[in-house]
Amino acid sequence: MDQDEGLTAVDNIVTQFNTYEDFLDSQITTVDLYYLEDESLARQLVELGYRGTGEIVKREDFEARKAAIDIARLAERTQKKTLTSAGKELQDSFLKALAMREEDNRNGKVSTVIFIRDKNSHGQEVSGYIDYAHRLKSEDFEVYFTGKRRLLPRPTDMSFYNWDSHIAVCNSSPNYQVIADNPEGLLFKYKRDRKILNVDPKAQPGDNSTRIPIQTELYAHAVLFDHISRRKN
């Protein structure tokens with residue numbers, strides 16, 4: 001039996017029995033108990049390989065694989081729980097688009113930049129570019145996916161402009177470096193692969209980047225820019 005087959009056999013046993021003692025008990029026959037008259041002794045003989053009706057599995061191997069499988073299952077459940085869009089009945093295309101990208105932005109497979117233009121709670125028109133992955137890590141999106149609040153640009157985002165007060169702010173994020181002094185317009189450099197994202201609607205967005213306009217009832221104007229990093233980790 002090779003190593004892979006051995007691990008598969010152990011995995012099958014580990015998933016079938018809750019404890020190592022349960023596995024040992026499954027290997028003990030009524031004849032063993034009749035002659036030994038001691039369940040504890042019968043378990044010891046099975047563990048040592050002197051008795052038993054099937055595969056010999058050491059206690060340390062059983063417990064190690066049990067722990068590894070439990071950790072894997074916990075990680076899977078945790079990942080599912082972190083998706084705040086999961087289980088939500090989303091109606092608007094903008095929220096649906098964010099939900100589709102949530103997992104990939106959390107795990108780094110995709111980096112999405114969100115452009116939004118609309119009026120804030122004071123009736124002022126604002127616009128800006130949001131690093132979706134960074135916002136996901138820094139705040140709870142439950143309020144957005146449930147519709148309790150609308151996602152809007154902030155002065156702390158990569159780009160923010162208030163059309164009424166003419167306040168303009170640019171900030172680099174953990175994922176992007178802002179290039180604000182470009183004569184042809186605002187650029188973002190993705191830090192992992194150093195590729196340039198051009199958000200000018202008249203220009204190509206750049207290597208491995210896609211511009212997706214979103215038809216939505218929530219905002220006057222919304223666009224998503226998806227960037228896929230090709231850098232090998």
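N208 has a relative accessibility of 29% and therefore counts as partly exposed, since that value falls between the 20% limit for buried and the 50% limit for exposed. The model in which N208 sits is a predicted one. The protein has eight helices and nine strands. Of its 233 residues, 37% are buried.

**Loop residues with positive phi**

- N208 is found in the loop that runs between β7 (196-198) and β8.
- The phi angle of N208 is near 60°, a positive value in a residue other than glycine.
- Most residues other than glycine have a negative phi.
- H166 also has a phi near 60°, again positive in a residue other than glycine.
- The loop that holds H166 lies between β3 and β4.
- H166 counts as exposed because its relative accessibility is 56%, and the cut-off for exposed is over 50%.

**S209 in strand β8**

- S209 has its place in strand β8, which covers residues 209-213.
- With a relative accessible area of 10%, S209 is buried, as the limit for that class is under 20%.
- The side chain of S209 makes a polar contact of 2.7 Å with the side chain of H227.
- Leaving aside residues up to four places away in sequence, S209 touches L197, D226 and H227.

**Strands β2, β3 and β4**

- Strand β2 (residues 125-131) pairs with strand β3 (residues 159-162) in the antiparallel sense, over four bridges.
- In this pairing, Y129 stands opposite S159 of β3.
- β3 also pairs with strand β4 (residues 167-170), in the antiparallel sense and over four bridges.
- Here S159 stands opposite C170 of β4.
- S159 thus has Y129 opposite it in one pairing and C170 opposite it in the other.
- β3 and β4 form a hairpin with four residues between them, and H166 is in the turn.

**Nonpolar cores**

- The largest nonpolar core has 19 residues.
- Within this core, the residues with the most contacts are F94, L98, I114, I116 and L151.
- Two or more residues of the core come from each of α6 (93-107), β1 (111-119), α7 (132-138), α8 (142-145) and β9 (221-227).
- α6 gives the largest share, four residues.
- L151 touches F94, L98, I114, I116, I130, R135, F141, Y144 and Y219, with residues up to four places away in sequence not counted.
- Another core, of 13 residues, lies apart from the largest one; among its members are V178, Y190, V223 and F225.

**Aromatic residues**

- The structure holds 10 aromatic pairs.
- One of them joins Y176 and Y190, with 5.1 Å from centre to centre and 50° between the planes.
- This pair is classed as tilted, because its planes are neither under 30 degrees nor over 60 degrees apart.
- Y176 lies in strand β5 (residues 176-179) and Y190 in strand β6 (residues 187-190), so the pair links parts of the chain 14 residues apart.
- Y176 counts as buried because its relative accessibility is 0%.
- Y190 counts as buried too, at 5% relative accessibility.
- Y176 and Y190 belong to one aromatic cluster that also includes F115, Y129, F188 and F225.
- Two members of this cluster, Y190 and F225, are among the residues of the 13-residue core.
- Y129 of the cluster is the residue that stands opposite S159 in β3.

**F62 in helix α5**

- F62 lies in helix α5, which spans residues 59-82.
- With a relative accessible area of 2%, F62 is buried.
- F62 and F17 are 45 residues apart in sequence, and their C-alpha atoms are 9.9 Å apart in space.

**Contacts and surface of the protein**

- Among contacts with a separation of 6 or more, 51% are between residues 24 or more positions apart.
- The protein exposes about 14300 Å².
- Carbon and sulfur atoms supply 49% of that exposed area.

Terms used
Residues are numbered from 1 along each chain as its sequence is written. This is a predicted model: local features need pLDDT of at least 70, side-chain atom pairs count only at pLDDT 80 or more; totals for chains, interfaces and linings use all residues. Side-chain values use heavy atoms; hydrogens and water are left out. Two strands pair if DSSP finds at least two bridges between them. A nonpolar core is a set of buried Ala, Val, Leu, Ile, Met, Phe, Trp, Tyr and Cys residues joined through side-chain atoms within 4.5 Å. Buried means under 20% relative accessible area, exposed over 50%, partly exposed in between (1.4 Å probe, protein chains only). Contact means heavy atoms within 4.5 Å. Rings of Phe, Tyr and Trp (its six-membered ring) pair if their centres lie within 6.5 Å; planes under 30 degrees apart count as stacked, over 60 as edge-to-face and the rest as tilted. Accessible areas come from the Shrake-Rupley method with a 1.4 Å probe; for residues, only the protein chains shown count as cover. A polar contact is a pair of N or O atoms within 3.5 Å; within protein, one must be able to donate a hydrogen and the other to accept it, and residues adjacent in sequence count only if both atoms are side-chain atoms.
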